[in-house]
Amino acid sequence: MLSIGGLGLLIAVLLSWFASKRIYQPIVRLVNVINDYKTTQESQEDELAFIEREWKHLSQESSGSKSRSSGA
């Protein structure tokens with residue numbers, strides 16, 4: 001009985017480790033892309049602040065292009 005429980009626990013640990021690797025793989029890839037894109041001056045900034053700044057910049061560009069296209 002104890003060996004079956006131990007085996008079940010071991011399988012659960014292995015499956016959770018595998019699932020966590022699969023879940024975080026896109027996040028690691030995104031961080032690597034951001035680190036490649038950032039310049040050396042921005043290297044002190046964390047990744048979330050970088051994403052926030054870029055998101056705001058793209059939102060401003062999108063709003064500007066919408067206002068220009070509707071005004072023309």
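Student: Which residues line the largest pocket in this model?
Tutor: The model is a predicted one, and its largest pocket has a volume of about 150 Å³. Reading along the chain, the residues that line the largest pocket are Leu30, Val33, Ile34, Tyr37, Phe50, Ile51, Glu54, Trp55 and Leu58.

Student: Which element gives the most to that lining?
Tutor: The elements that give two or more residues to the lining of the largest pocket are α1, spanning 2–37, and α2, spanning 47–71. With 5 residues in the lining, the element that gives the most is α2.

Student: How many nonpolar, polar and charged residues does the lining of the largest pocket have?
Tutor: Glu54 is one of the lining residues, and Glu counts as charged, whereas Leu, Val, Ile, Tyr, Phe and Trp count as nonpolar. Sorted by class in this way, the lining of the largest pocket has 8 nonpolar residues, no polar residues and, as charged residues, 1.

Student: With which residue does Glu54 form a salt bridge?
Tutor: In general, side chains of opposite charge can pair when their charged atoms come close. The side chain of Glu54 meets its partner with 3.4 Å from N to O, which is judged against a cut-off of 4 Å. The partner is partly exposed, with a relative accessible area of 32%, and its name is Arg53.

Student: How far apart are the closest N and O atoms in the salt bridge of Glu52 with Lys56?
Tutor: Glu52 and Lys56 are 4 residues apart in helix α2, so about one helical turn separates them. Glu52 is partly exposed, with a relative accessible area of 45%, and Lys56 is likewise partly exposed, at 48%. Between these two side chains, the distance from the closest N to the closest O is 3.2 Å.

Student: How far apart in space are Glu47 and Leu30, C-alpha to C-alpha?
Tutor: Glu47 is found in helix α2 and is partly exposed, with a relative accessible area of 25%, while Leu30 is one of the residues lining the largest pocket. In sequence Glu47 and Leu30 are 17 residues apart. In space, their C-alpha atoms are separated by 9.2 Å.

Student: How much accessible area does the nonpolar patch on the surface have together?
Tutor: The patch is formed by Leu7, Leu10, Ile11, Leu14 and Leu15, and of these residues Leu14 lies in helix α1. Taken together, the accessible area of the patch comes to about 490 Å².

Student: What percentage of the residues in the chain is buried?
Tutor: The chain has 2 helices and 0 strands, and its accessible surface comes to about 6,500 Å², of which 65% belongs to carbon and sulfur atoms. A residue counts as buried when its relative accessible area is under 20%. Among the 72 residues in the chain, the buried share is 6%.

Notes:
Residues numbered from 1 in each chain as written. Predicted model: local features only at pLDDT ≥ 70, side-chain atom pairs only at ≥ 80, totals over all residues. Heavy atoms only, no water. 1 Å grid on protein atoms, 1.4 Å probe; cavity = no way out; pocket = protein on both sides within 12 Å on 5 of 7 lines; lining within 4 Å. Points joined across faces, edges and corners; volume = space filled by probe spheres on them. Patch = residues over 30% accessible without salt bridge, like charges linked within 9 Å, V, L, I, M, F, W, Y side chains within 5 Å. Areas by Shrake-Rupley, 256 points an atom, 1.4 Å probe, with all protein chains shown as cover. Buried < 20%, exposed > 50% of the residue type's maximum accessible area, 1.4 Å probe, protein only.
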